[in-house]
Structure formats: structure tokens, C-alpha cells
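Here is a quick tour of one model, with an eye on its sheet and its charged pairs. Have the chain open while you read.

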Amino acid sequence: MTERIVEIHSGTDDLVAAAAARLVAVVTAAQRARGSASVVLTGGGTGIGLLEVVRKSPGDIDWSRLDVFWGDERFVPAGDAERNDLQARQALLDHVPVDPSRVHPVATSDGEYPDPIEAAAEYSALVHAHLAEHGAFDLHLLGMGGEGHVNSLFPDTDATREEHELVVAVTNSPKPPPVRVTLTLPAVRRTRHVVLVVGGAAKAEAVAGALAGAAAVDIPAAGAVGSETTTWLLDEAAAAQLSG
């Protein structure tokens, strides 16, 4: 049974700092315990902001022994400013001595796999290979949308209902761009430590619903659970509808 942790922070800066500290702590602990670590990154303002904080305060992370994946990606051309991997490189990865062979971006729409279904299959093979060798991801970072979506898993969609595949293509995302590649909830659950980083009053209702036990098909964040810990890092506005 996963341990669920809920932390409430005073504002965005404190929230981002706490998320960055959690990344450093999980990665360094995993490297001490198993020799290497793996993280699944998220995009968005908070997801990229925490990487900028890690760049300034990386603790004892051994960048050469870190595998980097993404929870989802906008299926757009290489160099498109909307790509999560480009934003992560600019915020952190281009500034630390990470092993390029251990950074695993999703294919671009103008690359070797121009079909999103083929791109999802290629990324699935990478994910399966990593999990076969290491058993689980160490850390999966997640933001959350106002309706409760995580990665590119939106309420009442086939991608969110997926129970077996670890990676799928999304061709009709309600949030642009419409075509994406995403890890599924079964992939999220193949993670030792899941951390959801959520700020803003617009997300308070979905936060309360997820923590109250809503069905994942209704609030996908409710299905994002780690095998060891599931941590919700919230600012006061996002936590406003929590009871107690």
C-alpha cells in the first residue's frame, strides 16, 4: 500500500522549491541504494520552474547515473517551443553533465516516427526496456489541470481508461495541440515515488475530488499512485477545498 503525503505550501515559490527538493532527495536516495536513478519529468510552468531550481541547487545528484523520461509530449516538430523536452533542456539538462544516451525524449513529428502511433510504440519499447532492467521508475513528477488531467490523460477518454499499454498516442486532446504521446496510468503506477505538484484556486475542486477517492476516469490524477509513496504538493489556493 502506498503512503500518501499531502503538503500545503504558502505560495508558488515555496511549492516549486519543495518539488525541487523532493526531486533531489529521491534521486540521491535511489542512487545510493541502487547505483542509478530514473525520473519522469512533466512540463508546464511549475514543472519547468522546479527544474530551474534544481539547476541552482542540485545537491549530490550524480548526473551521469540518471535516466530521464517524459510523462507526455506534444507531438510537434523538433525545435518547437511547445515541446516539453526542449523546455526541460533549456531549464536544466543543457546545463548539467547528464549522459545524453540516458535522456529519452519522445520522437518528434518531423523525425524518424512521423506517425504518433508509431512514436508511442517506439517510446513504449524504451519504457519497457528500462522497467525490465530496473523494475520501476524512481520518480514521476506530475502537474495537474483544472479538470484533473495528468500527463495527457484527460477525463473520460480512452487514454485514461487504458489498463495495459504503458504509452499511447492521443489524437484528440481537448487541450491544444491535439496530438500527443503520453504515459498511461499503468506506467505511472510503475513508479516508486509519484509527486503531484499543483497550484492555484482553479484546481482546488479537482484536488479535493482526487484526494476523496474519485474514479480515475473522472479525475485522472486520482489514479496517479506510486508503489511506495504518493505525494501531493499543494499551494494554499489548491488546497482550499480540502476538509480538515
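A salt bridge here is a side-chain nitrogen of Lys or Arg within 4 Å of a carboxyl oxygen of Asp or Glu. By that rule, Glu73, Arg83, Asp85 and Arg89 are linked in a network of salt bridges, and the structure holds eleven salt bridges.

A word on the source: this is a predicted model, where local features need pLDDT of at least 70, side-chain atom pairs count only at pLDDT 80 or more, and totals for chains, interfaces and linings use all residues. Residues are numbered from 1 along each chain as its sequence is written, and side-chain values use heavy atoms, with hydrogens and water left out.

Three of the salt bridges look like this, with the gap taken between the closest N and O atoms:

| Acid | Base | Closest N and O atoms |
|---|---|---|
| Asp85 | Arg83 | 2.7 Å |
| Asp138 | Arg192 | 2.8 Å |
| Asp156 | Arg161 | 2.2 Å |

Asp138 sits in strand S5 and Arg192 in strand S8, so their pair ties together parts 54 residues apart in sequence. (Strands are DSSP E runs of at least two residues, numbered from the N terminus.)

Buried or exposed, what is Asp156? At 52% relative accessibility Asp156 is exposed, while Arg161 is partly exposed at 40%. Asp138 is buried at 4%, and so is Arg192 at 13%. (Buried is under 20% relative accessible area, exposed over 50%, partly exposed in between, with a 1.4 Å probe and protein chains only.)

As for the sheet, six strands form an open one in the order S1-S9-S8-S5-S2-S3, with parallel pairing; strands pair if DSSP finds at least two bridges between them.

Definitions and conventions: Helices (H or I, at least four residues) and strands (E, at least two) are DSSP runs, numbered from the N terminus.
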